[in-house]
Amino acid sequence: SSGINAEWPLRPGIRDNVHVDVPPEILNNIASCLFQLGKYEECLQHYETALDYCKRELQNDEAYLSAITVTITYNLARLYEALHEFGKAEDLYKAVLKEHPNYLDCYLRLGCIARDREQIFEASNWFKDALQINQDNADAWTLIGNLHISKQEWGPGQKKFERIIKTTNDKDSYSILAIGNVWLQMLYQPTRDRDKEQKYQERALAFFKQVLRQD
């Protein structure tokens, strides 16, 4: 990141001196770097400039510019989320879905916005919409599983993570850890059954050790 910071002040001057349009994919990549650096205002300017270019030149290369417009629009929506402008982010995600209804990540992001507003039912529906596109999408199942866990619905949450583990051949460390945490939470539930407590503890430890062996 230090290299980006050192070079960045030169770029506007270089562009102004040679009087050429910077291709939208380059602007998008620069904006993505700025996003990672937390320079949101500069990032916004580059996304907007890239979209303006695409609109202006669309008739010259419609297939390519239409495709990259979708990517830039999605990235811009992610930026608006980071800026806490959730209404603008929602509008952009929905605009992408109107033209590209199989853009799965938009469903996930809309679900996350609803979740953060504590609109759990709506969030769940967005995540389920993503599964209509890819029924094995681990991110969607993880988000649904976490919804259950947040409501202390341990059994349904555990089943979602078990499904991920099954479809990834026991390779998804996050899901293995999540199930370990479920058993740990079960251990904290009021009970006078010592045998059950020992069973919960042993199962939690088994899943945690499995994660350590893999990672």
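Two residues are in contact when heavy atoms of each lie within 4.5 Å. The exercises below apply this term to a predicted model.

**Exercise 1. State where Asn28 lies, whether Asn28 is buried or exposed, and which residues Asn28 touches.**

Step 1. Locate the residue: Asn28 belongs to helix H3, which covers residues 24-36.

Step 2. Classify its accessibility. A residue is buried when its relative accessible area is under 20%. Asn28 has a value of 7%, so Asn28 is buried.

Step 3. List the contacts, leaving out residues up to four places away in sequence. Asn28 then touches Tyr47, Thr71, Ile72 and Asn75.

**Exercise 2. Describe the overall make-up and dimensions of the protein chain.**

Step 1. Count the elements of secondary structure: the protein chain has twelve helices and zero strands. Read from the N terminus, the order of elements is α-α-α-α-α-α-α-α-α-α-α-α.

Step 2. Consider the dimensions. Along the principal axes, the C-alpha atoms fill a box of roughly 75 × 40 × 30 Å.

Step 3. Compare the radius of gyration with that of a compact globule. For 215 residues such a globule would have a value near 17 Å, whereas the protein chain has 22 Å.

Step 4. Examine burial and contacts. Of the 215 residues, 37% are buried. Among contacts between residues at least 6 apart in sequence, 47% join residues at least 24 apart.

**Exercise 3. Determine the volume of the largest pocket and the residues that line the largest pocket.**

Step 1. Give the volume: the largest pocket has about 270 Å³.

Step 2. Name the lining. The residues are Leu51, Lys55, Ser66, Thr69, Val70, Thr73, Leu92, Ala95, Val96, Glu99 and His100.

Step 3. Assign the lining to elements. Helix H4 (40-57), helix H5 (62-82) and helix H6 (86-99) are the elements that give two or more residues.

Step 4. Sort the lining by chemical class: five residues are nonpolar, four are polar and two are charged.

**Exercise 4. Analyse helix H7: its span, its burial and its packing partners.**

Step 1. Find the span. Helix H7 runs over residues 104-116, which makes 13 residues, and reaches 19 Å from its first C-alpha to its last. This is close to the 18 Å expected at 1.5 Å a residue.

Step 2. Assess the burial. Ten of the 13 residues of H7 are buried, and the helix is mostly covered. The buried residues are Leu104, Cys106, Tyr107, Leu108, Arg109, Leu110, Gly111, Cys112, Ile113 and Ala114.

Step 3. Identify the partners. The buried residues of H7 pack against H5, H6, helix H8 (120-133) and helix H9 (138-150).

Step 4. Look just beyond the helix: Glu118, just after H7, takes a positive phi of about 65°.

**Exercise 5. For Gln152 and Asp170, give the phi value, the place in the chain and the degree of exposure.**

Step 1. Begin with Gln152. Although Gln152 is not a glycine, its phi is positive, at about 60°. Gln152 is placed in the loop between H9 and helix H10 (154-167).

Step 2. Classify Gln152. Its relative accessible area is 55%, and a value over 50% counts as exposed, so Gln152 is exposed.

Step 3. Continue with Asp170, another residue other than glycine with a positive phi, near 60°. Asp170 is placed in the loop between H10 and H11.

Step 4. Classify Asp170. With a relative accessible area of 39%, Asp170 is partly exposed.

**Exercise 6. Examine Val182 and Gln210 in their helices, and then the position of Asp193.**

Step 1. Val182 lies in helix H11. Val182 counts as buried because its relative accessibility is 2%.

Step 2. Leaving aside neighbours within four places in sequence, Val182 is in contact with Ile149, Trp154 and Gln158. The C-alpha atoms of Val182 and Gln158 are separated by 6.9 Å, and the two residues are 24 residues apart along the chain.

Step 3. Gln210 lies in helix H12. Its relative accessibility is 19%, so Gln210 counts as buried. Not counting residues up to four places away in sequence, Gln210 touches Asp170 and Ile176.

Step 4. Asp193 is found in the loop between helix H11 (173-188) and helix H12 (194-214). Asp193 is partly exposed, with a relative accessible area of 31%. Asp193 and Cys54 are 139 residues apart in sequence, and their C-alpha atoms are 66 Å apart in space.

How values were computed: Residues are numbered from 1 along each chain as its sequence is written. This is a predicted model: local features need pLDDT of at least 70, side-chain atom pairs count only at pLDDT 80 or more; totals for chains, interfaces and linings use all residues. Side-chain values use heavy atoms; hydrogens and water are left out. On a 1 Å grid over the protein atoms alone, a cavity is a set of points where a 1.4 Å probe fits but cannot get out, and a pocket is an open set with protein on both sides within 12 Å along at least five of seven lines; lining residues have an atom within 4 Å of a point. Grid points are joined across faces, edges and corners, and a volume is the space filled by probe spheres set on the points. Helices (H or I, at least four residues) and strands (E, at least two) are DSSP runs, numbered from the N terminus. Ala, Val, Leu, Ile, Met, Phe, Trp, Tyr, Cys and Pro count as nonpolar, Asp, Glu, Lys and Arg as charged, and the others, Gly among them, as polar. The expected span of a helix is 1.5 Å times one less than its number of residues. Buried means under 20% relative accessible area, exposed over 50%, partly exposed in between (1.4 Å probe, protein chains only). The radius of gyration is taken over C-alpha atoms; the globule rule is 2.2 Å times the number of residues to the power 0.38.
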